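Welcome, and thanks for taking a look at this one with me. Please have the sequence and the 3D view open as you read.

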Amino acid sequence: MVIARLIGGLGNQLFQYALGRTLAASRSTTLKLDITDYETYKSQTYALGHFNVIESFATRDEIRRLRGGGWMAEHLSRRLHRLIPFRKDSYVLEKGFGFDPEVLQSPDNIYLEGYWQSEKYFTGIEGLLRNELTIRHSLSGRNQETAARIAGCNAVSLHVRRGDYVSNPDSSRVHGLCGPDYHQTAVRRIAEASPQSHLFVFSDDPEWAARNLHLDHPMTVVTGNDARHAYEDLHLMSLCRHHIIANSSFSWWGAWLGANPDKTVIAPARWFASGKFDTRDLFPPSWTTI
């Protein structure tokens, strides 16, 4: 059994699921999801139920057995330079932001805690993931119309992440925002490689995007999908031929799930405001960072 702790928004949940699915598939064992954080987590909800994922939830006894004391016990153990009793052999805590190949050598019966934001954790099951990360039901009426428009043009998804990056001082300090220079440069790069582009703008603040984005290209700001329907925005993103993502795991997955084999993906080189994290493993080799 592999238990993956889910925390954060949809993009984070997809990364956490992807590593858990990789380890479970390679060991012919069961993947179970720990969603207990969402009982008290006010800003996000569990969102994978809208996809064709293997959906099995870990019980509290199973979590306790594999996680033991978890992060706190390991943290205290390091600070005090002595062992705090807990099931360390079954508890796998992310060491840092970069890809850790040792994680892929983990045994069966483990509890995974981390964000795991690298394609390198799931390159071996790409086809399986693409099948499972399809949505379970049809798009709603307005989204069907948007999907038809995307299919009928040279569609480019452009994600503008604001939300807590603006309203929460801690998030703003860690992540920062992609400014107008980034959007303008990215659109220019896309236009050079793929002329007659039509921009489909996805944002948690569509009113701001409509007022402030002036990109000299045909542009549609996609509206109507609140946080509970973010999976529909993600699916619409994936239908676009090319992608300009924000410093956001949500649009990372929108681009990664895009099926166009010749897609151009532009990503911000500065993923965090501080620049202190090593993000080299975050971007697939074919993507362009600016």
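The points below cover a sheet, a helix that packs on it, and a pair of helices in contact, all in a predicted model.

1. Let's start with the sheet. It is open and has six strands, paired in parallel and arranged in the order β7-β6-β5-β8-β9-β10. The edge places go to β7 (219-221) and β10 (288-289); each has a single partner strand, so one side of each lacks a neighbour in the sheet.

2. Now for one pairing in the sheet. Over three bridges, β6 (residues 197-203) runs parallel to β7. If you would like a spot to zoom in on, find Phe200, which sits opposite Thr220 in β7.

3. Which helix packs on the sheet? Look for α8 (residues 180-193), which touches β5 (154-160), β6, β8 (242-244), β9 (265-267) and β10. The direction of α8 makes about 165° with that of β8.

4. Next, turn to helix α10 (residues 230-239) and helix α11 (residues 249-256). Their axes come within 7 Å and cross at roughly 40°. Because of that angle, α10 counts as oblique to α11. The crossing of α10 and α11 is right-handed.

5. Which residues meet where α10 and α11 touch? From α10 come Ala230, Asp233, Leu234, Met237 and Ser238, and they meet Phe250, Ser251, Trp253 and Gly254 of α11. Sorted by class, this contact has five nonpolar, three polar and one charged residues.

Technical notes: Residues numbered from 1 in each chain as written. Predicted model: local features only at pLDDT ≥ 70, side-chain atom pairs only at ≥ 80, totals over all residues. Heavy atoms only, no water. Pairing = 2+ DSSP bridges. Helix = DSSP H or I, 4+ residues; strand = E, 2+ residues; numbered from the N terminus. Contact = heavy atoms within 4.5 Å. Axes fitted to C-alpha atoms, helices over the stretch in contact; angles between N-to-C directions. Parallel < 35°, antiparallel > 145°, perpendicular 65-115°, else oblique. Left-handed = near helix turned anticlockwise from the far one by under 90°. Nonpolar A, V, L, I, M, F, W, Y, C, P; charged D, E, K, R; others polar.
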